[in-house]
Each structure stands twice: as structure tokens, then as C-alpha cells.
Amino acid sequence: MSPTPAEYCVIACAEAWRDNGEVLASPMGLIPSIGARLAKRTFSPDLLLTDGEAMLVGLDGTPEGWLPYRQHLTMVTGGRRHVMMGASQIDRFGNQNISCVGDWARPKRQLLGVRGAPVNTLNNPTSYWIPKHSRRVFVPKVDMVCGVGYDRAAAAGPSATRFHRIPCVVTDLGVFDFATPDHSMRLASLHPGVTVERVREATGFELYVPDEVPYTREPTPAELELIREVIDPSGARDREVLGAGPIPGAAGTGAAKTGAAEAGSAGTGPAKAGDR
Amino acid sequence: MSDKTMSAQEAVGRLESGMTLGIGGWGSRRKPMALVRALLRSGITDLTVVSYGGPDVGLLAAAGRIRKLVTPFATLDSIPLEPHYRAARERGAFELMEVDEASFMWGLHAAANRLPFLPVRSGLGSDVMRVNPGLRTVTSPYADELTGVREEFVAMPALRLDAALVHMNRADRAGNGQYLGPDPYFDDLFCEAADAAYVSCERIVDTAELTKEAAPQTLLLKRSSVTGVVEAPNGAHFTSCAPDYGRDEAFQKLYATTPYAEFAERFLGGDEHAYQSTVQAWQKERHQ
């Protein structure tokens, strides 16, 4: 059976943690969680994972360390971490909003609040996972800057840019990065079956598209087997990508209910997932 | 050692309208819900609430007791958005100081250490600076050896509290408080940042009992930063209080989907004993 759209998303998320070394992988949402586990099982074995609560655990759930919130925050500011957050809105320079829609003083829709986005983005690599790529999410200007983008970091000075990095944005349509001279968003790869036109239509700002856009790489047979047989045998991944589409506030915040054996038992608990 | 035991009503009786009140726990985890319920039974209002928000914030917001809230979020964990907090925000019910989770912690650290602020990198470049126009920055007096840059940081102000409310697994009568779950959250900081701290617990035990089976590092609260001790079995309900009990997901769902007035009439009309009995009756009903 050829790879499904959800499986390309898993591969794309896993790639975010390639060559990261011995850092904490903090995936939020089910697909990033499967991706992080796949990366650890294959090309990034030194990654650290949590149980979604206060323990660092191996792939089989064996605790190897203690990470209560207060120490988690030091992992963030110490930089030994790569988080993949959700985004209710994201703009062309990677500014992200999970706080509220509308005027902050009296929001039309109160969402999660800034949570850990400001501290994450200024201190450790922060990627994003967006299960439904649309103009509602990819907006010209976010209503509240929670996660700091490249333009805002630059304007805020050297203390803001020093450890600021947004490695990638993974969506159901493709992979995006900021590898352009002005750090505006670039289409890095398309998931097989997706066209540049479709991405443009679903994006509410001008996207840099190189002359030749590669496709997201194929999973290896071994990776497919791991995803299907070991990490997510119940196929919960398909619900996150092909579902009716989550509400903006819950997008990629770990609210996804998971029947996934490994991802589920390893605890992708929403609270920790929600913020970090 | 003085005996600091008191009832929830006595603890709340020492609070006043207009106070700045810190509430421990995190989201829907080990919240001092019995103390919050006692607060709801009192007439105390106009509060500045400082909390990693959960249903404590939701209940107080729904009851109109909050004048200002200091928080990085309000969540029920398994239900990502706290519905009463959300409704209150959307009707502009109170003033909000929204900062990230780490800055919030540093604000408590500053207060506990009697410092006016602590420098944090987070906040810079984000709209936290826009929505909190009172936040100031501070420049390092030390230049970076390589770049010569003197970094600028946000000066997170101390979150000094008039009083703190927290819930522990165990405590002795003097106020030594013990957590037995995987995470202490920030309850020690809340107590140290406050002029008075009221600690509810699942069970009051003799001091010697505290370390009989548990390791010394579970002794999170020192009696020198605790004012009152309240025995409140199931006192974190419906939030989690590991290892004594997990979150009551079914009840939390009921809370989240019931209009506040209806919920309050059914569950919050009487004292804590009445609350626990009504919850038990509801649970029994459900399982029939």
C-alpha cells in the first residue's frame, strides 16, 4: 500500500528532528508525536521524550528522568529542546497566534492564551504543525503575536534573535521554511499529490515558491512498517489530517484524541502538549 | 510549634475583597478546589487572581469575583479551553495580564526573593509587550565578551501576593506540606510569594508520618511560609491529585457543559460536605 497523506505528514514532522542530537523533542498533536517517535526509532535515537506529564521516558515508556514543569522551563530557556507547536494563525514571517481571535482586549474568540509560545520561540527551535492548511490559519497578520516570527525578532534586537529559530512549518499540504534572504516563508516541499496552486490558494499571503519544488520524501518500507505496525497501529493519524478540521483554537494543541498504541501510552497529554 | 489547623471557612474568613490572590496547581491539576468553593460561598470579590489557570479561574470568573487576572492560559487539560474563562474574556469581564508560562514563574520567584523584577528573554518581540504596556525592559550591565552587545531583557515584575491557596497530598498541623505526585507544580513559590498562605490537604498527619514512607524531597512547603492548614479530603476534586486520585473527567465534562448558574445551584449551594455528597450522588446516578 502506498503512503497516505497522513504518513507523508508524519515523515515531514520526523524530519524536523533530524540531526538535533540529544535534545528534548516536544511534539504537540498526534502527527508530530508519531513523527518524533519515528525519528527516535530511526535516525535520531538520542532524542528525549516525555510522558506528557513529569517524566522523561524511553520508547517503551521506561522512565529515565524527572522533568516537572519547573525543570521543563529550564529545558526551554537552556535551549536543549525542539518544540513543534500548533498555530491558530501564522503569518509570512512565522509570527504565530494561539491566544485569541479578534481584538485582544475583548476577543471575538478566546483561545488558549500565549502559553509557552513567547518563551519557546526566543529560546529554543520552534517548528509548527498545522493539520489543515487554509487562509484562516495562513493570514497576512496574526491577531496576537504569541510565537515570535523573524521580522518581530529582528526588530526586538539581539537578545530576541540570539536563540530564535523556526526550522519548519509542516502542514497537510507540504513543508515550509524561512530560508529566504528576508526570512519570509518559503515552500520547501510539496506532499505528493499536492500542487503549488493548491498551496497558494490556501495561503493568505505571498509565499516564496522556488522554480523547482521537490516533493516530500518517500517513507522507507521500514519507516512505513514502524508507523503502521508499531507506533500507530489503530490509524489515528488519518483522523488528524483528514478529519472535519479542528477549530482554530484546538489546532495542533494536542487535543486530538488518540487511539495510537505507542503515542497514546506514551502520553501526548493535552496540557503539556498545549503549551510547550 | 503552633497548631495552624483551621476550617476552609476560617481560612477564607481571613481574606478580603480587593486582595491579590495566588492559586496553586496547574490547569486542571491539584487545584485547591475546596478552598475555591469556600471562596465562592463567601462574599469576597474584586480579586486580582494569579494562577496557571484551570477551573479555579473558570469558577471565580463565572461568579464575577475577578477584577484582574494574571495568567499565561486557562485550560481544563483534557478540555483545552476553559469555557467559563473563555466566556468571561469574550464579554470583557475582567482586566488581564497575559504573560508566558516562564515569565509567570519568574514573577513568583522575584516575589519570593523580595526582588522587584527578574530579567527574562521571553516577551521580547511578542504582543505580550503590546498588551501589557506597563512591562519594562532592562539592559545587562555586562557586555558579551565576543560581540560586545549588552543584552536587553524584559524586567518581569514580582508577582507579590496578599495570600496564596494551594492543595497538598499531606501536611502536618504546623504547615509542613507534602506532595506525593510526579510534579510539585509551583506551590512552594506561591506560598513564598505571599503574605499569608493557606494549605488544604487530603490528610493531616503527624509530622513523623511525613517521612515514614516518602522521600524527604516530597516535603515541598516549609511551615515558615504557611499560615493555615485545612484538612480537605478530595479537596482538589474535580482536578487531579495524584497519587490520591486522578481527574474526575466525567464530572469535569459536566462542569464544562452546564451553564454556571445551574451548576452552582446544584453543586455549590451548600458547604463542602454537601458538595462531596452531591457529587457522590451524581456519580451513583450515572452508574445506574
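**Salt bridges, sheet and interface in a predicted two-chain model**

B:R266 is partly exposed, with a relative accessibility of 38%. In this predicted model, the side chain of B:R266 meets that of B:E285 in a salt bridge, with 3.8 Å from N to O. B:E285 belongs to helix α11 of chain B and B:R266 to helix α10 (residues 260-267) of chain B, so the salt bridge ties together parts that lie 19 residues apart in sequence. B:E285 itself counts as exposed, at 52% relative accessibility, just past the 50% cut-off for that class.

It helps to know how confident the predictor is here. Chain B has a mean pLDDT of 97, and 100% of its residues reach 70 or more. Helix α11 (residues 272-287) of chain B, the home of B:E285, has the lowest mean pLDDT among the elements of chain B, at 96. Strand β1 (residues 20-23) of chain B has the highest, at 99. For the complex, the predictor gives an ipTM of 0.96 and a pTM of 0.93.

Over all chains, the salt-bridge count comes to 31. One of them joins the side chains of A:R237 and A:E7, at 2.9 Å from N to O. This pair links distant parts of the chain, with A:R237 in helix α9 (residues 237-242) of chain A and A:E7 in helix α1 (residues 5-16) of chain A, 230 residues apart. Both partners are out of reach of the probe for the most part: A:E7 counts as buried because its relative accessibility is 1%, and A:R237 counts as buried at 6%.

Chain B offers a buried pair as well. The side chains of B:D77 and B:R29 form a salt bridge of 3.0 Å, N to O. Since B:D77 lies in the loop between β3 (66-71) and α4 (83-90) of chain B, and B:R29 in the loop between β1 and α2 of chain B, the pair ties together parts that are 48 residues apart in sequence. B:D77 is buried at 2% relative accessibility, and B:R29 is buried at 4%. Both residues take part in a network of salt bridges that also includes A:E53, B:R247 and B:E249.

The contact between the chains takes 47 residues from chain A and 47 residues from chain B. About 4,000 Å² is buried between chain A and chain B, and carbon and sulfur atoms give 54% of this area. A:R70, A:W104 and A:Q110 supply 19% of the area that chain A buries against chain B, more than any other three residues. Six salt bridges are found across the interface. A:R162 forms a salt bridge with B:D144, where the closest N and O atoms are 3.5 Å apart.

Within chain A, six strands form an open sheet of mixed pairing, in the order β1-β5-β10-β11-β12-β13. Strands β1 (24-27) and β13 (186-190) of chain A stand at the edges with a single partner strand each, so one side of each has no neighbour in the sheet. On average, neighbouring strands are turned by 20° against each other, direction ignored. Strand β12 (residues 174-177) of chain A runs antiparallel to β13(A), and four bridges join the two. A:V175 stands opposite A:S189 in β13(A). Helix α2 (residues 30-41) of chain A packs on the sheet, where α2 touches β1, β5 (81-85) and β10 (126-130) of chain A, and the direction of α2 makes about 155° with that of β1(A).

A few backbone details deserve a look. Two cis peptide bonds occur in chain B: one joins B:H237 and B:F238, with omega about 10°, and the other runs from B:A242 to B:P243, with omega near 0°. B:F238 is placed in the loop between β12 (228-231) and α9 (249-257) of chain B, and B:P243 is in the loop between β12 and α9 of chain B.

Positive phi values are found in two arginines. Phi of A:R115 is near 45°, and this residue lies in the loop between β9 (109-110) and α4 (117-123) of chain A. A:R115 is buried, at 1% relative accessibility. Phi of B:R30 is near 40°, and B:R30 sits in the loop between β1 and α2 (33-41) of chain B. B:R30 is buried, with a relative accessible area of 3%.

Conventions: Residues numbered from 1 in each chain as written. Chains lettered and ligands numbered in written order. Predicted model: local features only at pLDDT ≥ 70, side-chain atom pairs only at ≥ 80, totals over all residues. Heavy atoms only, no water. pLDDT = per-residue confidence, 0-100. Buried < 20%, exposed > 50% of the residue type's maximum accessible area, 1.4 Å probe, protein only. Pairing = 2+ DSSP bridges. Axes fitted to C-alpha atoms, helices over the stretch in contact; angles between N-to-C directions. Contact = heavy atoms within 4.5 Å. Buried area = accessible area lost by both parts, 1.4 Å probe. Salt bridge = Lys/Arg side-chain N within 4 Å of Asp/Glu carboxyl O.
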